[in-house]
Amino acid sequence: MWPKPQIDRPERKGADRLRDKVVLVTGGDSGIGRATVVAAAKEGGRIAFAYLNEEEDARETERLVEQYGAPCFSLPGDVGDERFCRDFVERAFQKFGSIDVLVNNAAEQHVSERLEDISAEQLERTFRTNIFSQFYIVKAALPHMMQGGTIVNISSVTAYEGSPSLIDYSSTKGAIVSFSRALSNSLVERGIRVNVVAPGPIWTPLIPATFPEERIENFGKNVPMKRPGQPVEVAAAVIFLASDDASYITGQTLHVNGGEAGGG
């Protein structure tokens, strides 16, 4: 990708906001997931991340984490498969002995200009990756999460505005918001907070992999800030919600979208 997405701000020091906490992230090999993993490492976390099949990208994420001295465990697999989700959680727990923060970030999208073009296979695949996986991971992680644990689910501005060429993707992102609100009410008495980050146009590998070149040229220029956001800017919001700085926040959505007014 050119320019390369901004994953880290090395000049900004961590503040131990996740010191010794075990942080699980899905889709941690690139984009928002990689930036979140790196930010959590900078804040003193112990990292476990899942990724699909990009071995080279995963090794680069591990290298970035290790430069901050954080222990890191990664596992390849499909988060749309409940068995893999259970395996990822159990292996992370066995390695680190606890689960304190869970960031459900993994997602996929496929452009279809008309609803009629969305096959049943694509529909099921998108829902499995984007929302079923969050049910699977949370279900597996909860037995290991204690009071003070936090869950941050990644939604999208498309949940609020709707994208005409990403109808199935937009639907999953709306489901994430509702899932998170219900889950936050379910877990509040157990002392586990659940929140959402809804990014707008963020410059990640998913963008050139999804859209034609002519659309990429103007990507992000239609928001008030007139530019796409960077993964590091989303990661900052995730770390805030995962930390004790957000101790009185649950069931909420933080919009990182350059000023778009579609949030709710």
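## Salt bridges, a sheet and its helices

A search of the whole structure finds 16 salt bridges. The model is a predicted one. Side chains of opposite charge can pair when their charged atoms come close. One such pair is Asp8 and Lys42, whose side chains meet in a salt bridge at 2.8 Å, N to O. This pair links distant parts of the chain. Asp8 sits in the segment before S1, while Lys42 belongs to helix H1, and 34 residues separate them.

**The sheet**

Seven strands build an open sheet. Their order is S3-S2-S1-S4-S5-S6-S7, and the pairing is parallel. Which strands form the edges? They are strand S3 (72–76) and strand S7 (253–256), and each pairs on one side only. From one strand to the next, the twist averages 15°.

Look now at the S3 edge. Strand S2 (residues 46–51) runs parallel to S3, and five bridges join the two. In one pairing, Tyr51 has Pro76 in S3 as its bridge partner.

**Helices on the sheet**

Helix H3 (residues 82–96) packs on the sheet. H3 touches strand S1 (22–26), S2 and S3, and its direction makes about 160° with that of S3. Helix H4 (residues 120–141) lies across S1, strand S4 (101–104) and strand S5 (150–154). H4 runs at about 170° to S4.

**Helix against helix**

Two packed helices are described by the angle between their axes and the distance between the axes. Here are two pairs.

| Helix pair | Angle | Axis distance |
|---|---|---|
| H1 (residues 31–42) and H9 (residues 231–242) | roughly 55° | within 8 Å |
| H3 and H4 | about 40° | 9 Å |

Angles from 35 to 65 degrees count as oblique. H1 and H9 are therefore oblique to each other, and H3 and H4 are therefore oblique too. H1 passes H9 in a right-handed crossing. H3 passes H4 in a right-handed crossing as well.

What residues fill these contacts? On the H1 side are Gly31, Ile32, Ala35, Thr36, Ala39 and Ala40. They meet Pro231, Val232, Val234, Ala235, Val238 and Ile239 in H9. This contact has ten nonpolar residues, two polar and no charged.

In the other pair, H3 brings Glu82, Cys85, Arg86, Phe88, Val89 and Glu90. H4 brings Ser133, Tyr136, Ile137, Lys139, Ala140 and Ala141. The contact of H3 with H4 divides into seven nonpolar, one polar and four charged residues.

Conventions. Residues are numbered from 1 along each chain as its sequence is written. This is a predicted model: local features need pLDDT of at least 70, side-chain atom pairs count only at pLDDT 80 or more; totals for chains, interfaces and linings use all residues. Side-chain values use heavy atoms; hydrogens and water are left out. Two strands pair if DSSP finds at least two bridges between them. Helices (H or I, at least four residues) and strands (E, at least two) are DSSP runs, numbered from the N terminus. Axes are lines fitted to C-alpha atoms, for helices over the stretch in contact, and angles run from 0 to 180 degrees between N-to-C directions. Contact means heavy atoms within 4.5 Å. Angles under 35 degrees count as roughly parallel, over 145 as roughly antiparallel, 65 to 115 as roughly perpendicular and the rest as oblique. A crossing is left-handed if the near helix is turned anticlockwise from the far one by less than a right angle, and right-handed if clockwise. Ala, Val, Leu, Ile, Met, Phe, Trp, Tyr, Cys and Pro count as nonpolar, Asp, Glu, Lys and Arg as charged, and the others, Gly among them, as polar. A salt bridge is a side-chain nitrogen of Lys or Arg within 4 Å of a carboxyl oxygen of Asp or Glu.
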